[in-house]
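Let's take a walk through this model together. Have the sequence and the 3D view open side by side, and follow along.

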Amino acid sequence: MNSRSVVCSKKFPHAAYSIEIVGSTLISELDGQWSTEISNSYIADVKQEVSSRFNKRWLHIVLLDKWDLTTFDAMDKFTEYGIWCYEKGVKATFYVYQTNPVKRYQLAKMLPERAKDYVSFHVLSIDDAFLFASENSFLEEPKPNQTIKTLNV
């Protein structure tokens with residue numbers, strides 16, 4: 001697998017994010033309590049990276065264990081952002097976090113179900129995301145066999 005490369009990292013008083021690129025995969029790690037200001041900054045940075053790096057289909061992995069949810073007013077921004085991702089060729093989005101019903105509920109409210117060909121998965125680890133993506137033709141390079149623990153059930 002290609003090495004990970006941090007292309008953007010920002011900190012705010014109550015939140016932070018980083019964006020990494022691994023081949024044709026964009027990995028985001030979200031941290032803290034997200035407001036509209038933070039959400040707008042993150043979305044603009046992802047759009048810039050996707051537009052400048054990916055001219056084909058790409059994979060999105062979002063690490064959410066440190067994320068403490070998003071304010072109500074920022075939720076619509078993520079719905080619009082998700083639709084934009086699918087219009088720009090994302091193959092699938094993997095949400096990586098330990099089982100958390102509150103996060104799952106808020107994600108369900110924010111996910112762009114109206115987007116054409118919308119595909120998302122809730123998994124417990126980044127390794128699970130890469131393995132599932134590899135075994136289901138979302139990635140070209142194969143990963144070693146291991147048990148996949150998904151939260152989609």
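Start with what packs over helix 3: its buried residues are covered by parts that include strand 5 (67–70), helix 2 (72–87), strand 6 (90–96) and strand 7 (120–123). Before going further, keep in mind that this is a predicted model, where local features need pLDDT of at least 70, side-chain atom pairs count only at pLDDT 80 or more, and totals for chains, interfaces and linings use all residues. Residues are numbered from 1 along each chain as its sequence is written, and side-chain values use heavy atoms, with hydrogens and water left out. Helices (H or I, at least four residues) and strands (E, at least two) are DSSP runs, numbered from the N terminus.

So which residues of helix 3 are buried? In this helix, residues 101–110, they are Lys103, Gln106, Leu107 and Met110; buried means under 20% relative accessible area, exposed over 50%, and partly exposed in between (1.4 Å probe, protein chains only). Looking down the axis of helix 3, you'd see these buried residues fall within an arc of 100 degrees, so they line one face of the helix. That arc is taken from the directions from the helix axis to the C-beta atoms. An α-helix has 3.6 residues a turn, so residues three or four places apart point the same way. Flip to the other side of helix 3 and you find Pro101, Tyr105 and Lys109 exposed. At the N-terminal end, asparagine 100 acts as a cap, with a side-chain oxygen 2.9 Å from the backbone nitrogen of valine 102.

Now over to strand 4 (residues 58–63). Six of its six residues are buried, so strand 4 is largely enclosed by the rest of the structure. Trp58, His60 and Val62 sit on one side, Leu59, Ile61 and Leu63 on the other. Strand 4 runs parallel to strand 3, joined by five bridges, and pairs with strand 6, also in the parallel sense, over six bridges; two strands pair if DSSP finds at least two bridges between them. Valine 62 is a handy landmark: serine 28 stands opposite valine 62, while in strand 6 its bridge partner is tyrosine 95.

Finally, zoom in on serine 28, found in strand 3 (residues 25–34). Serine 28 is buried, with a relative accessible area of 0%. Its side chain makes polar contacts with the side chains of tyrosine 42 (2.7 Å) and histidine 60 (3.4 Å). A polar contact here is a pair of N or O atoms within 3.5 Å; within protein, one must be able to donate a hydrogen and the other to accept it, and residues adjacent in sequence count only if both atoms are side-chain atoms.

Methods. Contact means heavy atoms within 4.5 Å.
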